[in-house]
Amino acid sequence: MFDTHCHLNSYLNSSTRFPNSLNSYLNVSTNVDDWSNTIKFSRKHANVLPAIGIHPWFVTESFVSDLVVLERLLQSNNIASIGEVGLDFNESYKHTRENQIECFQKQLNLAESNQLALSVHCVKAHNEMLLLLKSKHAFGVIHGLGTSIEIAKQYIDLGFKFGVNGVAVRENANRYHALIKYFGLEHIVLETDYPNIKLPGLVSSSLADINTIAECVAKLLSIPIEDVIQQTDYNAQKIFKRNAL
Ligand SMILES: [Zn+2]
């Protein structure tokens with residue numbers, strides 16, 4: 001299975017051992033302090049692909065100089081994706097709106113010039129996001145997408161997949177269920193967003209939650225879980241491991 005969006009750097013400062021698993025992981029980062037650890041982690045674990053980027057919550061006044069570092073790292077390392085990047089116009093982050101747009105735009109340029117996939121976070125900013133993505137040869141995953149079918153269609157028309165995570169496991173996640181049923185396996189990838197999302201009824205999150213997420217998709221689509229695993233894995237490999245295919 002391919003976990004297309006997780007934050008694994010938390011393993012560096014904890015006593016919990018990274019599981020010995022056959023799964024692949026895209027380890028996304030959020031800010032300049034994260035990147036060297038993300039790259040180091042992938043050197044230790046061949047099944048962990050590094051994604052580096054500035055998350056909209058971490059766009060500070062110094063984002064321009066951070067992006068110089070990002071560009072340098074892209075040149076000297078085998079990076080799989082620009083992520084986690086995007087726009088978040090929620091109340092708490094709206095005040096950085098202009099900087100967020102500029103920062104995302106610049107990362108979009110880097111993704112295009114390096115032919116890298118994006119792992120995108122987008123909250124309350126779909127119009128702006130779609131406009132920006134349409135202006136470039138962008139591809140990748142909209143992580144945790146839970147929008148209307150109309151908005152999702154526009155991302156899919158651009159060639160993006162959407163990441164299904166533990167939120168879809170909630171019984172009342174009607175929007176997510178509708179999206180999964182409408183678009184089907186072809187447009188989906190799986191993600192845990194570890195350690196940020198807890199499955200209903202559980203007190204902590206785990207990378208093994210991906211099994212429950214796959215099971216949930218299988219149930220919604222009334223198909224065997226093996227089909228979900230196979231197709232979502234294929235979708236993710238095509239995006240993040242293009243050179244290996
Ligand atoms: Zn995340």
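How many salt bridges does a search of the whole structure find? The count is five, and I will come back to several of them after the metal site, with the reminder that everything here is computed on a predicted model.

Let me take the zinc ion to begin with. Its donors are NE2 of His5, NE2 of His7, an OE atom of Glu84 and an OD atom of Asp193, at 2.2 to 2.5 Å. Along the chain these donors follow the spacing H-x1-H-x76-E-x108-D. If you are thinking about how to describe the geometry, please note that the four donor atoms subtend angles of 81 to 169 degrees around the zinc ion, and the arrangement is therefore classed as irregular. For reference, four tetrahedral donors would ideally give 109.5 degrees. Both histidines count as buried, because the cut-off is under 20% relative accessible area: His5 comes out at 0%, and His7 at 13%.

Between those two histidines in the numbering sits Cys6, which brings me to the cysteines. The number of disulfides is zero. For Cys6, the nearest cysteine sulfur belongs to Cys216 and lies 19 Å away, and Cys6 itself is buried, with a relative accessible area of 0%. Cys122 is also without a partner, because its sulfur is 14 Å from the closest cysteine sulfur, that of Cys103, which is too far for a bond; Cys122 is buried as well, at 12% relative accessible area.

Now, back to the salt bridges. Glu91 pairs with Lys94, with the closest N and O atoms 3.2 Å apart; Glu91 is exposed, at 61% relative accessible area, whereas Lys94 is partly exposed, at 40%.

Arg97 and Glu128 form another salt bridge, in which the closest N and O atoms are 3.5 Å apart. Arg97 belongs to helix H3, residues 97–113, and Glu128 to helix H4, residues 126–134, so this pair ties together parts that are 31 residues apart in sequence. Arg97 is partly exposed, with a relative accessible area of 30%, and Glu128 is likewise partly exposed, at 23%.

Within helix H3, the side chains of Glu102 and Lys106 meet in a salt bridge at 3.1 Å, N to O. Why is their separation about one helical turn? Because Glu102 and Lys106 are four residues apart in that helix. Glu102 is partly exposed, at 35% relative accessible area, and Lys106 is partly exposed too, at 34%. Finally, Arg97, Glu98 and Glu128 are joined into one network by salt bridges that share partners.

Definitions and conventions:
Residues are numbered from 1 along each chain as its sequence is written. This is a predicted model: local features need pLDDT of at least 70, side-chain atom pairs count only at pLDDT 80 or more; totals for chains, interfaces and linings use all residues. Side-chain values use heavy atoms; hydrogens and water are left out. Donors are N, O and S atoms within 2.8 Å of the metal (3.2 Å for Na, K and Ca); water is not among the atoms, so sites may look incomplete. Four donors count as tetrahedral if all angles lie between 85 and 135 degrees; four count as square planar and six as octahedral if opposite donors are over 155 degrees apart and all others between 65 and 115; anything else is irregular. Buried means under 20% relative accessible area, exposed over 50%, partly exposed in between (1.4 Å probe, protein chains only). A disulfide is a pair of cysteine sulfur atoms within 2.5 Å. A salt bridge is a side-chain nitrogen of Lys or Arg within 4 Å of a carboxyl oxygen of Asp or Glu. Helices (H or I, at least four residues) and strands (E, at least two) are DSSP runs, numbered from the N terminus.
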